[in-house]
Amino acid sequence: MSGPSHPAPTSVSTPAKSGGWLKGMILGFLGLGGGAAGTYATAIVDQVVKPTKPVANFAVSTDGFTLTCQNQATGESGWWDFGDGTPLEPFSKEQPITHTYTKPGSYTVKLTVRNYLGDENERTVPVDVAAAAQSEPPPSIGAFTVQPVSAAVAPATFKLTADVVNAASCVWDLGDGRVEVTGGGKVERLVTFEKPGTFPISLVAHNGKQGAKQSAAAKVEAPRDGSTMAVLKVTDTGNKVERLTTNESVAVPVPSDKTQPTFAKVVHARPGFTIAEATIGDAPPSAKNLKIEVAPDKRFAKLSGTWVGDLKTTNKAAGGSDAIVRVKFIQERATAQPPSVMVVTGMFVNANGAIRADLPLPTAPAGLNSGKREYALEIRTTGSGKSTTVLQVPQPGKTLNFPWSGKQNGPNWSITYNAKIEGDMLVVTWVQGQ
């Protein structure tokens with residue numbers, strides 16, 4: 001395949017877009033001319049010899065920097081665009097097609113095919129290219145800790161931390177049937193265990209065929225009579241925005257003469273995406289005054305320009321050719337994420353004369369756009385081995401905002417609870433009255 005050292009093409013010769021030459025050949029063979037030609041030409045071509053529509057179909061796989069396309073396309077001609085700026089490759093029915101990239105990244109592979117009457121079909125497939133796993137350093141896990149945020153009494157919240165290097169993903173086994181997947185890097189998360197017991201927590205970091213593992217145990221005791229705790233429920237909702245950057249080749253048919261001095265072509269966004277930005281890159285010298293405008297609804301972009309120079313020189317193929325304009329697209333897709341619910345608990349203790357419970361606030365899920373956070377707070381006490389909710393906010397249909405204050409009343413006594421956010425903590429205190 002062509003390497004990246006070759007210059008990018010400015011035009012690609014392709015078959016004619018009309019069947020005029022085919023009609024003339026058939027009519028000559030049948031001895032038809034004049035009025036007969038006008039009467040029978042279209043019917044003969046369309047009903048007798050018109051080919052099936054071309055189909056740009058292929059599957060992709062990668063091994064290191066090498067891409068393999070299993071070619072299942074049909075058509076007479078066309079071209080491959082491997083999305084890395086290398087010259088376009090002419091379509092052939094060889095099986096398979098390979099291409100080698102020079103660096104890792106996300107690329108868009110595009111195949112365009114035509115039949116000899118100019119019917120056209122195209123398909124694009126995104127691919128992620130990475131260096132072979134064996135050439136990468138193995139993943140490692142440092143600073144792995146499992147610590148309770150307060151007394152480890154059920155329900156108990158633990159803070160899990162780790163510093164994960166050279167890993168694409170992390171698999172957490174929480175020891176109670178829950179298995180979750182996160183990214184690498186510096187990880188800090190909160191996990192709550194509702195029941196007492198010993199829970200073996202393990203973290204496995206993966207990178208291709210290599211992995212690393214760390215383990216620790218979370219020990220949760222049964223609640224003790226007379227204890228009081230605060231239970232905070234945090235619900236995050238919002239949309240996750242996926243951004244996709246591609247460099248695409250837009251093929252614009254070159255006219256055979258100057259009767260069409262300008263051109264315009266519409267490029268649609270990918271299914272489910274909108275076009276956030278479009279920028280013109282390389283273009284042939286035959287196209288000037290290039291402009292690309294994104295539609296108000298961002299569902300498509302319109303590429304326009306003016307033909308200049310000797311079009312006969314540009315249009316080398318007898319039946320026509322395409323001028324290739326490189327365009328960089330940034331496309332976005334927003335999908336509603338299911339609610340993320342976290343429960344954090346903290347025991348009330350006497351600290352410097354104040355009875356308080358400190359609850360760390362969980363971080364919001366990564367990648368949320370227009371995120372919304374809602375809170376619910378419970379005060380629970382334990383007696384005779386049972387946990388009882390003595391205060392719960394907000395009421396159905398209401399929202400809880402901080403700072404907040406509420407009161408629990410009893411015979412000849414009352415307790416006033418106050419809650420406010422201090423940094424990354426929710427601090428809940430109580431004051432007992434008569």
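A residue counts as buried when its relative accessible area is under 20%. The legends below describe close-up views of a predicted model.

**View 1. Thr 108 is a buried residue of strand 7**. Strand 7 covers residues 105-114, and Thr 108 is placed in this strand. The relative accessibility of Thr 108 is 9%, which is under 20%, so Thr 108 counts as buried. Its side chain makes a polar contact of 3.0 Å with the side chain of Arg 270. Arg 270 is also one of the residues that Thr 108 touches, when residues up to four places away in sequence are not counted. The others on that list are Asp 81, Phe 82, Gly 83, Thr 124, Val 125, Pro 126 and Thr 246.

**View 2. Strands 5, 4, 7 and 8 form an open sheet**. The 4 strands stand in the order 5-4-7-8, and their pairing is antiparallel. Strand 5 (89-90) and strand 8 (120-129) are at the edges. Each of these two has a single partner strand, so one side of each is left without a neighbour in the sheet. Strand 4 and strand 5 are joined by 2 bridges and run antiparallel. In this pair, Trp 79 stands opposite Pro 90 of strand 5. Strands of a sheet pair through backbone hydrogen bonds, in either a parallel or an antiparallel way.

**View 3. Strand 2 and strand 3 form a hairpin**. Strand 2 takes in residues 58-63 and strand 3 residues 66-71. The two strands run antiparallel and are joined by 6 bridges. Phe 58 stands opposite Asn 71 in strand 3. There are 2 residues between the strands, and Gly 64 in the turn has a positive phi of about 65°.

**View 4. Phe 58 and Trp 80 form an aromatic pair**. The model has 11 aromatic pairs by the rule used here. In this one, the ring centres are 5.1 Å apart and the ring planes stand at 70°. An angle over 60 degrees counts as edge-to-face, so the pair of Phe 58 and Trp 80 is edge-to-face. Phe 58 belongs to strand 2 and Trp 80 to strand 4 (residues 77-81), so the pair ties together parts that are 22 residues apart in sequence. Are the two residues buried or exposed? Phe 58 is buried, with a relative accessible area of 2%. Trp 80 is buried too, with a relative accessible area of 1%. Ring pairs also bring in Phe 82, which forms a cluster with Phe 58 and Trp 80. Arg 123 lies over the face of Phe 58, at 5.4 Å from the ring centre.

**View 5. Tyr 375 and Phe 402 form an edge-to-face pair**. The centres of their rings are 5.1 Å apart and the planes are at 70°, so the pair is edge-to-face. Tyr 375 lies in strand 24 (residues 368-383). Phe 402 lies in the loop between strand 25 (386-393) and strand 26 (404-410). The pair therefore ties together parts that are 27 residues apart in sequence. Both Tyr 375 and Phe 402 are buried.

**View 6. Arg 178 lies over the ring of Phe 193**. The distance from Arg 178 to the ring centre is 5.4 Å.

**View 7. Gln 408 is a buried residue of strand 26**. Its relative accessibility is 15%, so Gln 408 counts as buried. Which side chain does Gln 408 join through a polar contact of 2.9 Å? The partner is the side chain of Tyr 417. Leaving aside neighbours within four places in sequence, Gln 408 is in contact with Val 390, Leu 391, Trp 413, Ser 414, Ile 415 and Tyr 417.

**View 8. Lys 265 is a partly exposed residue of strand 17**. Strand 17 covers residues 262-268. The relative accessible area of Lys 265 is 25%. Its side chain reaches the backbone oxygen of Ala 251 at 2.5 Å. Lys 265 and Val 250 are 15 residues apart in sequence, and their C-alpha atoms are 8.4 Å apart in space. Neighbours within four places in sequence aside, Lys 265 is in contact with Val 250, Ala 251, Ala 301, Lys 302 and Leu 303.

**View 9. Cys 69 and Cys 170 are buried**. Cys 69 has a relative accessibility of 0%. The value for Cys 170 is 0%. How many disulfides does the structure hold? The count is 0.

Technical notes:
Residues are numbered from 1 along each chain as its sequence is written. This is a predicted model: local features need pLDDT of at least 70, side-chain atom pairs count only at pLDDT 80 or more; totals for chains, interfaces and linings use all residues. Side-chain values use heavy atoms; hydrogens and water are left out. Two strands pair if DSSP finds at least two bridges between them. Rings of Phe, Tyr and Trp (its six-membered ring) pair if their centres lie within 6.5 Å; planes under 30 degrees apart count as stacked, over 60 as edge-to-face and the rest as tilted. Buried means under 20% relative accessible area, exposed over 50%, partly exposed in between (1.4 Å probe, protein chains only). A charge sits over a ring if NZ of Lys or CZ of Arg is within 6 Å of the ring centre and within 35 degrees of the ring normal. A polar contact is a pair of N or O atoms within 3.5 Å; within protein, one must be able to donate a hydrogen and the other to accept it, and residues adjacent in sequence count only if both atoms are side-chain atoms. Contact means heavy atoms within 4.5 Å. A disulfide is a pair of cysteine sulfur atoms within 2.5 Å.
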